[in-house]
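I opened a new page for this protein. My plan is to start with the whole fold and then look up a few places in it.

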Amino acid sequence: MSRNRTISPWLRQAIARHVAAQGWDVVDIGPTTPESTPYPMHGEAAARLVASGDCRLGIILCGTGQGIMMAANKVRGIRCGVCSDTFSARMIRQHNDANMLSLGARVVGEGLALEIVDAFLSATFEGGRHATRVEMIAALEG
């Protein structure tokens, strides 16, 4: 018997419904079936929507959140962090001006995922000393 290593779209869809209920416009570009898909493709596509300004913020998921985050961060202008707690989700917005959040669908359950999303979406960039650091990160892109 083999173990299914795919991620069900249920968590992504629950997040989309939750965010839409708060008045956000949702653009869901993820897969619609539980079959395995190439997460770098989805991470890049979401990141390009954010980098172009078509979307203000992005939320992406894969098994751990790590791989899709790495793909998203390859797109110029993207600052994406993986979070499995609300404190980190607030901090990546407040201190790093993150424009994307990555979640591990095999790491956090739905309740915690929605709390992390709320922390991310409700936080705002503090600027000040953090702005200099964000500029330094952007300079690394060349």
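Below are my entries, from the whole chain down to single residues.

**Ground rules.** I am working with a predicted model, where local features need pLDDT of at least 70, side-chain atom pairs count only at pLDDT 80 or more, and totals for chains, interfaces and linings use all residues. I number residues from 1 along each chain as its sequence is written, and side-chain values use heavy atoms, with hydrogens and water left out.

**Overall fold.** I looked up the secondary structure first. The protein has six helices and three strands. These are DSSP runs numbered from the N terminus: helices are H or I with at least four residues, strands are E with at least two. From the N terminus, I read the order as α-α-β-α-β-α-β-α-α. The radius of gyration, taken over C-alpha atoms, is 15 Å. The globule rule (2.2 Å times the number of residues to the power 0.38) gives 14 Å for 142 residues, so the protein is as compact as a globular protein of that length. I also noted the box that the C-alpha atoms fill along the principal axes: roughly 55 × 30 × 25 Å.

**Cover and contacts.** How much of the protein is buried? Buried residues make up 40% of the 142. Buried means under 20% relative accessible area, exposed over 50%, and partly exposed in between, with a 1.4 Å probe and protein chains only. Next I checked contacts (heavy atoms within 4.5 Å). Of those between residues at least 6 apart in sequence, 64% join residues at least 24 apart.

**Strand β1.** I then went to β1, residues 58-62. Four of its five residues are buried. β1 pairs with β3 (residues 100-104) in the parallel sense, over five bridges. Two strands pair if DSSP finds at least two bridges between them. In this pairing, G58 stands opposite M100.

**Y39.** I found Y39 in helix α2, residues 39-52. Is Y39 buried or exposed? Neither: at 38% relative accessibility, Y39 counts as partly exposed. Beyond four places in sequence, Y39 touches C62, G67 and I68. G63 is 24 residues from Y39 in sequence, yet their C-alpha atoms are 9.4 Å apart.

**T86.** My last stop was T86, in helix α4 (residues 86-94). T86 is partly exposed, with a relative accessible area of 24%. Which residues does T86 contact, leaving aside neighbours within four places in sequence? I listed E115, I116 and A119. The C-alpha atoms of T86 and L114 are separated by 9.5 Å, with their places 28 residues apart along the chain.
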